[in-house]
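Visitor: I would like to go through this model step by step, asking at each point what a description rests on. Could you show it to me before we begin?

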Amino acid sequence: MHDYACDQLCTWCDGCGDYGIWTAAKRALVDLNMAPWQVLLCFDVGCHGNMSDKLLGYRFHGLHGRVLPLAAGAALANPHIPVLAFGGDGASFSEGVGHLVHAVRSNYRMTFIMHNNANYGLTTGQASALTWQDQPMNSSPNGVPETTLNSMDFVFSLQPTFVARGWSGDIPQMTRILTAAIRHRGFAYVDMLQACPTYNKFATHEWLLNHCYDANAKGHDPKDFEKARALAVDTQKRVATGILYQTEDVPAFHERLKPREGVTTTPVEEVKIVDTSRWLKAFA
């Protein structure tokens with residue numbers, strides 16, 4: 001953990017779920033014996049994005065809603081380096097929802113940690129597509145009229161190969177989930193339910209504590225797709241957490257590329273310096 005320590009002070013609100021996710025991510029990397037220089041950490045814009053200067057390592061802070069194509073490009077360039085992408089529910093299910101669709105269906109080898117606090121916390125509590133319907137928020141005091149997007153049902157409709165859900169108050173479980181996600185052969189989708197004490201007054205830390213349970217400890221088999229989907233979308237009384245679905249039978253995107261068959265080098269190793277001066281002269 002000391003290797004990932006940073007002198008930058010945290011600026012999250014007291015009680016923010018980012019603290020727990022931040023700790024679990026570091027623990028998972030340490031458990032996997034990964035030094036900071038052996039992993040790439042990519043961040044979207046949002047409160048979670050402020051994590052990009054709160055730990056050491058190779059980090060990239062991208063544009064709002066665009067962290068997935070950024071991370072996917074890095075993962076394709078060097079499949080040997082684990083890539084972790086962090087994004088919020090606002091960016092992932094509005095601005096960046098198209099990127100999420102194609103990241104899942106392409107099965108890029110990377111881990112996506114979706115910070116789900118059901119609002120845009122960085123912009124002071126705007127409603128997101130995952131805010132509960134009719135819930136008063138700063139920018140919509142009467143509540144949003146749209147139906148809340150069922151994010152898990154949406155993700156399962158895309159035939160994912162890894163789906164897990166944790167919550168920010170259970171660091172040991174989040175660590176276990178992230179360790180498995182980083183080892184996964186393809187795209188690992190991890191929904192991290194988190195407390196937002198300043199702007200989310202409905203799914204609080206206490207609410208999550210009382211409603212979340214470890215489905216794996218209750219005997220859930222993550223190999224059964226239909227049972228996993230049914231378990232994931234049923235949140236009426238309790239919220240199932242843990243590794244909900246995983247299959248290693250689907251090759252990752254780069255493993256299915258015909259032009260790469262038999263190629264032992266990575267694209268990043270094949271990059272060469274090209275002198276463009278003659279083209280600049282031609283078009284000057």
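**Reasoning about one residue and its chain**

Guide: Setting aside neighbours within four places in sequence, Thr-179 is in contact with Ala-28 and Leu-32; please keep in mind that this is a predicted model.

Visitor: What makes these pairs contacts?

Guide: The word contact applies to heavy atoms within 4.5 Å, and Ala-28 and Leu-32 are the residues that Thr-179 touches in this sense once neighbours within four places are left aside.

Visitor: Why is Thr-179 called buried?

Guide: Its relative accessible area is 12%, and since buried means under 20%, Thr-179 is therefore classed as buried. Of the 284 residues of the protein chain, 48% fall into the buried class.

Visitor: Which backbone oxygen does the side chain of Thr-179 reach, and what makes that a polar contact?

Guide: The side chain of Thr-179 reaches the backbone oxygen of Thr-175 at 2.8 Å, and the cut-off for a polar contact is 3.5 Å, so the pair lies within the limit. Thr-179 itself is found in helix H6, which covers residues 171-183, in a protein chain with 10 helices and 8 strands.

Visitor: How do you know whether the radius of gyration of the protein chain agrees with that of a compact globule?

Guide: For 284 residues a compact globule would have a radius of gyration near 19 Å, and because the protein chain has 20 Å, the two agree. The C-alpha atoms fill a box of roughly 65 × 45 × 40 Å along the principal axes.

Terms used: Residues are numbered from 1 along each chain as its sequence is written. This is a predicted model: local features need pLDDT of at least 70, side-chain atom pairs count only at pLDDT 80 or more; totals for chains, interfaces and linings use all residues. Side-chain values use heavy atoms; hydrogens and water are left out. Helices (H or I, at least four residues) and strands (E, at least two) are DSSP runs, numbered from the N terminus. The radius of gyration is taken over C-alpha atoms; the globule rule is 2.2 Å times the number of residues to the power 0.38. Buried means under 20% relative accessible area, exposed over 50%, partly exposed in between (1.4 Å probe, protein chains only). A polar contact is a pair of N or O atoms within 3.5 Å; within protein, one must be able to donate a hydrogen and the other to accept it, and residues adjacent in sequence count only if both atoms are side-chain atoms.
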